[in-house]
Amino acid sequence: MKINRRLVLAILLFVTLFGTLYISTYLYITDSNKKEDPFNISVIVYGSNSDRWATLKQGIDQGAADFGAQVNFVTMTMDNNVDEQRKLLEREILNGADGIIMAATDSYSMKNAVEDAALTLPIVMVETNVEGVEGIPYISADNYSMGLNIGRSVILNCNQEASTNTDIKIALLMENQRRSSVYERYDGFMDSLKYSGFNIELWQREEDEQNLSLFIQDRMKESNVDILVALDDTSLEAVIDAVETNDYMINVYGIGSTNKIIHYLDYGVLNSVVYQNEFNMGYLSIQKFFVKDEEKSNSPLTEIEFRTINRDTMYLPKNQRLVFPIIQ
Amino acid sequence: MDAKINSLHRTLHKVAKYFKKKSIQFTLSISFSFVALLGMVFMGATIYSRSVSSMKEIIIQNNEQLIEQVNLNLYTYLRNMMRISNTMYYSVIKRVDFSKDSIEKEMNLLYVINRDMLVSIALFRKNGSLVAATPIEHLKSGLNVSDQNWFIEANKEIENLHFSTPHVQNLFHDSSYNYHWVISLSRVVELTSNGNISRGILLVDMNFSGIEQLFTKVNSSNSGYVYLIDSSGEIIYHPKQSLINSSLLKENNKIAATYEDGTHEEVFEEENRMVTITTVGYTGWKIVSVTNTDDFFMSYNQTTFFTIIIVVLTIFLIIFANQFVSYLIGNPIKKLDDSVKDLEFGKLDLNIYIGGSYEIQHLGKTIKSMVEQMHQLMDEIVIEQEKKRISEFEALQSQINPHFLYNTLDSIVWMVESEQYEAATSMVTALANLFRISLSKGKNIITIREEIEHAQNYLYIQKLRYKNRFEVTIDIDPEIYDCCTIKLIVQPLIENAIYHGVEFMDGDGLIEIKGYVKNDDIYIEVSDNGLGMPEETVKYLLTDNNRVHKKGSGIGLSNVHQRIQLYFGKKYGLEIESELDEGTTIRIHLPQVFYDTRTIKEDATYEDK
């Protein structure tokens, strides 16, 4: 009787052990197969024109699909409003974002907001960084070199056409100069033309002044410039709008990658465009959250590729794949 | 060969020898577990290897089926394109004289019917100028069509239809910012104008999304993916084309173009992959299906891991069950064995184990009944022996030598005849007392007082008979009077002293009887000053049972010695000291035990036995 009880106890113990092991193994395996809760990423970009970010969004969507992230893409109601962007950032954090991808609308004024947010959750800056904040990953093309390249295209083109550089008048549209991407491009552009002898005019709007296209048209009427340069998408699009209805021939150079810009490059309205691979920018920004840098590089900057294209080169196979993304 | 068999034989022998030394339970559990383990491992390994190979076959089969399906769909798609081109050429262009008629109506109709697949249909002259196009008729300004790839390729091989790789259509004016990724089907056609035949190029631009759709469907499943390359390895479609275009992802397309149709295994970017390739008709394009075997086997490994866990657990379970079964079988045998071992060591109050299977129960029962029988027999023997001994002993006790009785009675007769009535009366009384104590109601244990009394009676008779030829002194420590002794031990000693010691002493004979306690033991000495005995006599005096004096009471010294030892242990008995011409002392050594109910009881118990 005593032995029997001990035996029953032993069997019971063994069965329990066996069962527990079996179940835990089963659970372990099914658990490891199960997908984790999606990682919520909010993308906060500047500007109210979502077309501006279409290519970036494609990259982000592809990345989100590959890494299993949930993306909330947020655009602003105004082109450039620090308060709005700051509030959007706070709202997205409150709404339970696990990570933020951000293009700062103002590299100086957004500094504190970004710095604070970076304490609570991972942030990846794209295209436009905030000034003076260290350790936040930043994905962008080399803006200075982009500026340099657009300047070189100007020089190259002018050397073919004009006899002396001093005859040539260049207008540079001074928009969004509080964005790091833009003022870096500005530095590059100005450096490239330092010894060219071109006559450079800086066109700057007063705050709350009229519509940018109208402003450009007005300035064009005032001074007959040969070349107009815009350093970001929105101002380049405004230049397109202004120039399209213009009577006389003006060479437009710029940096940008929207469909509109490409279209007008194709139709000869724009002379040369420096084009950055925003698909990569988007994809890599998502990747940042999931793939740890294998090499501990000191610089948080990830550089993406840019190209200078014109009407002749845009359909080359290597360019057309970037310029005309296949929407999948 | 023989040596091998020999060594195997030896090993087996060793194993058998090893197990012979082990318990049944151990042997059972080890051999069961070993066999179970071997079986499970063998089974597991077989299943594993079989399923791995069949898994591979399944992957290959699935891939080939998938790719055939895609190929069929793609083929149909391309055939449709070619049909459009053929219809356009043979039914429209060939029948029209371009100097008079226009083909726009027919072209437009064809376009509308196949609108989903097409982006545009266009006919160009040899120099690149547009003849007709649908749906948009205006070319972009400053466009040099003849520089475009499809135009050049079509002109290279006049007879053939030429499929281009996907590219962005760069032909027509479009005020929206749309652009179209197309695959161009271009061919050289003959244009008739006023009877003159000139060369033209017919271009059918297919919507690339049509191909994309074909592939998106098959790429929606998780295992692997399918992509499309042209004969030079340029990617036409890839599920992650954007990533490849942006050089975020690499594909082994250039190498894949060199593979023959069928399934190949390759290592790309440190990944093991299975690549199935089939070539598409008309175009020389290749459909490539890629399965990452690492990924596949990773999920497969989980199953394997799970299976191994199950197998290991099952092995444990089997081992446990084996332990249990071997315990059930082996333990009763072990217990029975233990019982038998106890039996071997002579344990008396033995309880033979009965349990386990019915064979072992039967065995136990049989052994038990045998043991019981044996015990019974042994007890019976002991009792019989004892009875025999007692009867012998009793017989001895009752053997009052007839000589003694005759002599005594003769002395009494003589006394009566010589009118010594008083002496005769005392003698008869003494004789009666002698017999009374001698019988002692059948008791064996009496007090020393009684024993001494008995001796005195005897001495009285002998003194009368021997006419006071010897003197007797009795000195007994009163302390020992109430101690136990067995009866009839002093009298034989006195008899011995009389016959061997003082019989021939003529009045000088002296018999001393002393009783005292020394070291908690009782000693009763009977000494005489007679002739003494030689050493040889002393030696056999205590061992030779037959040396009973003819004229004496019939109880020998050896009998006394044996009885004392029988009752009180080997430690006790008689000691004899004798010296020729000096005398003999015989000492009785007894334990000091007071005569009380316990001893009587013990005695009674003994008698009961």
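Two residues are in contact, for the purposes of this talk, if their C-beta atoms, placed from the backbone, lie within 7 Å. With that settled, I should also say at the outset that we are looking at a predicted model.

Let me begin with the place where the two chains meet. Chain A contributes 24 residues to the contact, and chain B contributes 18. On the chain B side, at least two residues each are supplied by β4 (167-168), α6 (241-245) and α8 (293-344). Helix α8(B) gives the largest share, six residues. What is the chemical character of this side of chain B? By class, eleven of its residues are nonpolar and seven are polar, with no charged residues.

I turn now to chain A. This chain holds eleven helices and twelve strands, and 44% of its 328 residues count as buried. If we take the contacts in chain A between residues at least 6 apart in sequence, 72% of them join residues at least 24 apart.

Chain A also has an open sheet of six strands with mixed pairing, in the order β7-β6-β8-β9-β10-β12. Its edge strands are β7 (199-203) and β12 (306-310), each of which pairs on one side only. On average, and with direction ignored, neighbouring strands in this sheet are turned by 20 degrees against each other. Within the sheet, β9 (residues 251-255) and β10 (residues 272-276) of chain A pair in the parallel sense over three bridges. One bridge can be followed on the structure: A:Gly254 has A:Val273, in β10(A), as its partner.

Next, the nonpolar interior. Which residues have the most contacts inside the largest nonpolar core? They are A:Leu228, A:Val229 and A:Val239, in a core of 150 residues. The largest share of this core, nine residues, nevertheless comes from chain B, from helix α2 (residues 24-92). A second core, separate from this one, has 41 residues, among them B:Leu493, B:Ile498, B:Val502 and B:Leu541. To return to A:Leu228, and leaving aside neighbours within four places in sequence, this residue is in contact with A:Ala171, A:Leu173, A:Val239, A:Val243, A:Ile250 and A:Val252.

Chain B has an open sheet of its own to show. Five strands form it, in the order β13-β15-β16-β18-β17, again with mixed pairing. Why do β13 (470-476) and β17 (573-579) each have one side without a neighbour in the sheet? Both stand at the edges with a single partner strand, so one side of each is left without a neighbour there. Here the average turn between neighbouring strands, direction ignored, is 15 degrees.

Inside this sheet, β16 (residues 521-528) and β18 (residues 583-591) of chain B pair in the antiparallel sense over eight bridges. B:Ser527, for instance, has B:Thr585 in β18(B) as its bridge partner. Helix α13 (residues 490-502) of chain B lies across β13, β15 (509-518), β16 and β18, and runs at about 25 degrees to β16(B).

I close with helix α15 (residues 557-568) of chain B. Its twelve residues reach 16 Å from the first C-alpha to the last, close to the 16 Å expected at 1.5 Å a residue. The buried residues in α15(B) include B:Leu557, B:Val560, B:Ile564 and also B:Asn559, B:His561 and B:Arg563. After α15(B) comes B:Gly569, with a positive phi near 110 degrees.

Terms used
Residues numbered from 1 in each chain as written. Chains lettered and ligands numbered in written order. Predicted model: local features only at pLDDT ≥ 70, side-chain atom pairs only at ≥ 80, totals over all residues. Core = buried A, V, L, I, M, F, W, Y, C linked by C-beta atoms within 7 Å. Buried ≥ 20, exposed ≤ 12 C-beta atoms within 10 Å, placed from the backbone. Helix = DSSP H or I, 4+ residues; strand = E, 2+ residues; numbered from the N terminus. Nonpolar A, V, L, I, M, F, W, Y, C, P; charged D, E, K, R; others polar. Pairing = 2+ DSSP bridges. Axes fitted to C-alpha atoms, helices over the stretch in contact; angles between N-to-C directions. Expected span 1.5 Å × (residues − 1).
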